[in-house]
Amino acid sequence: MSHKPYDDEDHIELEHSDFDKLVQKGLSRRGFLQGSAAAMGLFLAASPLAKAVAAVTESKLLGFTQIPASTADTFEVPEGYIAEPLISWGDPILKGAPAFDESGLQDSAAQAGQFGDNTDGMSFFPLSEDRGVIAVNNEYTNYEYLFPHQGKEALSADEVKKAQAAVGVSVFEVQRNANGGWSYLKDSKYNRRITANTEMELTGPVAGHALVKTSADAAGKKVLGTFNNCANGQTPWGTYLTCEENFNGFFGTADAAFSADKHQKRYGLKDKSDYQWFTQDERFDIAKNPNEPNRHGWIVEIDPMDPTSTPQKRTALGRFKHENAAVTVDDNGHVVVYLGDDERGEHLYRFVSKNTYNPNDQAANRNLLEEGTLYVARFDAGEGELKGQGQWLELTHGKNGLTQENGFADQAEVLIFAREAATQVGATTMDRPEWIAVHPNNKSVCCTLTNNKYRGVEGKNQPVGGPNPRAKNNYGQIVRWWPRGGDHTAAGFDWDLFVIAGNPTVGEGLYKGSANINADNMFNSPDGLGFDNDGRLWILTDGKYSNEGEFAGMGNNQMLCADPETGEIRRFATGPIACEITGLTFAPDHRAVFVGVQHPGEELAPSHFPAGGSSKPRSTIMVVRRKDGGIIGA
Ligand code: FEO
Ligand code: CA
Ligand code: CA
Ligand code: CA
């Protein structure tokens with residue numbers, strides 16, 4: 001079975017009537033550029049690749065020697081660096097939890113006290129220069145390693161509970177050791193597991209709405225759990241944001257009479273679920289509890305310093321397949337959160353808080369994500385242009401056609417069905433928006449568009465053009481924008497493409513990649529993304545690791561570092577067999593970086609990372625530092 005629902009899942013088509021409406025609005029040459037092989041030809045003739053980025057010049061920001069691509073079952077770093085495992089799936093976190101056991105026979109209670117599976121987005125919350133608390137997502141779990149039967153048998157009630165305990169969020173304390181390395185503290189008072197069964201509060205405009213009431217929660221305010229937590233965000237008031245992505249894959253039913261309605265279809269909800277939770281836990285039976293999925297797909301705010309605190313689902317930020325939450329405070333004090341919806345042809349969003357940040361009242365800041373305005377992006381460009389302008393379109397009930405007449409009864413419905421609201425207002429379909437990162441020292445923002453096999457394919461309504469310039473995009477790109485006037489709350493922005501990933505040795509035209517891609521630094525499917533304090537842009541990949549054909553020479557998934565000024569990109573690290581590199585956070589002094597190795601050996605690929613020998617492969621957080629104790633990347 002596949003544990004990557006988003007890889008195999010077909011995008012839910014826009015209804016033709018929706019598309020026609022947009023065309024009638026005159027958006028066919030803007031949000032929906034005409035896409036075809038002919039348009040691609042025009043584009044290539046009119047726009048040299050160099051237009052995508054400024055000329056590449058040698059970087060003064062990057063101080064390490066690039067490493068080659070790798071197919072080894074190891075985590076490789078540049079000369080002068082050390083990489084060590086910090087924690088792996090199954091390591092005990094809570095008092096009394098048992099050590100990891102290879103057999104897969106440990107029960108749900110054991111897993112509930114251990115580090116979860118599939119490490120993903122994470123943030124470091126400092127206690128001092130040398131101590132801190134890491135909050136980290138456990139996105140999903142690999143049944144081929146979680147159970148002795150590899151998920152090939154029907155799950156028992158306790159096996160479903162164990163799977164539910166292997167996902168969510170892990171919180172634990174870490175410290176720097178005398179030798180400069182880092183370790184986690186098993187019995188720290190900060191340590192916590194948040195799972196698919198942890199009680200949380202539904203807050204904001206959707207709380208208490210009829211569409212989120214269930215038999216177990218008549219008030220529509222108390223939700224159990226979070227799962228498929230992809231990437232993350234960190235607020236300046238000290239909270240962690242975990243982002244619910246492919247929640248749909250955990251719901252299913254055996255009820256033959258079930259048929260998904262149009263809202264469920266748009267969110268990929270269906271009867272089939274590889275995870276089987278519905279077979280032992282009725283909450284996940286979509287026929288019996290059709291409103292339960294409406295309570296997932298949100299941004300959840302967690303206080304990592306208080307293990308007794310109740311996580312808050314922040315509904316003002318919209319419901320979709322959230323990748324990460326890139327938080328910045330604009331000069332005017334409003335909190336701006338940029339948000340990607342990772343599915344082929346879905347959209348890029350922005351939240352602007354109603355109230356302003358007060359650095360002298362952190363308690364008051366705790367409510368800033370409760371109220372505000374959600375927007376979705378429309379990218380405009382001339383035909384064949386690799387840069388252009390854009391507009392943030394407001395998703396407020398009563399505006400931009402978000403009316404009862406068009407199927408939106410109130411603001412709660414606009415937020416619960418944010419994808420449909422985005423289509424209504426004419427948002428641009430994107431090549432799977434993954435992580436977004438805001439530059440620390442200037443006003444630019446970057447977003448990885450990881451890949452999109454449906455781009456330009458007939459019947460998919462995802463035309464080629466603008467920031468999505470390639471049909472059947474197998475390599476991905478990074479779009480960058482500058483808010484108009486340097487104001488993150490402004491309605492307009494200017495954009496370009498910072499990099500178009502590609503393969504210069506086997507590709508043709510745009511599939512060779514932009515000017516800053518060469519045979520020595522090539523990669524596919526950029527996904528994780530983050531700036532360090534000096535403005536280096538770190539790129540993590542979740543791509544094809546076959547190292548053959550279109551992907552020849554790229555090797556295993558990897559971590560790269562870019563200089564946004566010069567365009568130069570260097571490979572910094574490579575991961576083991578069949579892993580994804582995802583999750584990135586720095587120690588406060590930037591003399592250590594924490595990086596996630598997710599699902600090494602997925603689908604029984606021959607990995608034994610990190611322990612080697614004949615051991616089970618385990619998702620692991622690596623900590624990377626310099627032998628001379630210097631700043632990472634410098
Ligand atoms: Fe969980 Fe879009 O990656
Ligand atoms: Ca991702
Ligand atoms: Ca991905
Ligand atoms: Ca992943």
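A disulfide is a pair of cysteine sulfur atoms within 2.5 Å. Keep that cut-off handy, since the tour ends at two cysteines.

Before you click, note that this is a predicted model, where local features need pLDDT of at least 70, side-chain atom pairs count only at pLDDT 80 or more, and totals for chains, interfaces and linings use all residues. Residues are numbered from 1 along each chain as its sequence is written, chains are lettered from A and ligands numbered from 1 in the order in which they are written, and side-chain values use heavy atoms, with hydrogens and water left out.

**Stop 1: calcium ion (ligand 2)**

Select the calcium ion (ligand 2) and show the side chains around it. Which protein donors does it have? You'll find Glu323 (OE), Glu434 (OE) and Asp527 (OD), with Asp527 (OD) listed twice, at 2.3 to 2.7 Å. (Donors are N, O and S atoms within 2.8 Å of the metal, or 3.2 Å for Na, K and Ca; water is not among the atoms, so sites may look incomplete.) Along the chain, the spacing of these donors reads E-x110-E-x92-D.

Now colour by strand. Glu323 sits in strand β13 (residues 322–329) and Asp527 in strand β22 (residues 526–531), so this pair links distant parts of the chain, 204 residues apart. (Strands, E, of at least two residues, and helices, H or I, of at least four, are DSSP runs numbered from the N terminus.)

Are these two buried or exposed? Glu323 is buried, at 0% relative accessible area, and Asp527 is buried too, at 2%. (Buried means under 20% relative accessible area, exposed over 50%, partly exposed in between, using a 1.4 Å probe and protein chains only.)

**Stop 2: calcium ion (ligand 3)**

Next, select Glu434, which bridges the calcium ion (ligand 2) and the calcium ion (ligand 3); the two ions lie 3.8 Å apart. Which residues coordinate the calcium ion (ligand 3)? They are Glu434 (OE), Asp527 (OD) and Asp542 (OD), at 2.2 to 2.4 Å. Their spacing in sequence is E-x92-D-x14-D.

Asp527 is in strand β22 while Asp542 is in the loop between β23 (537–541) and β24 (558–562), so the pair ties together parts 15 residues apart in sequence. Click on Asp542: this one is buried, with a relative accessible area of 15%.

**Stop 3: two cysteines**

Finally, select Cys446 and Cys447. How many disulfides does a search of the whole structure find? The count is 0. Why no bond from Cys447? The closest cysteine sulfur to that of Cys447 belongs to Cys446, 8.8 Å away, which is too far for a bond. Cys446 is buried at 3% relative accessible area, and Cys447 is buried at 0%.
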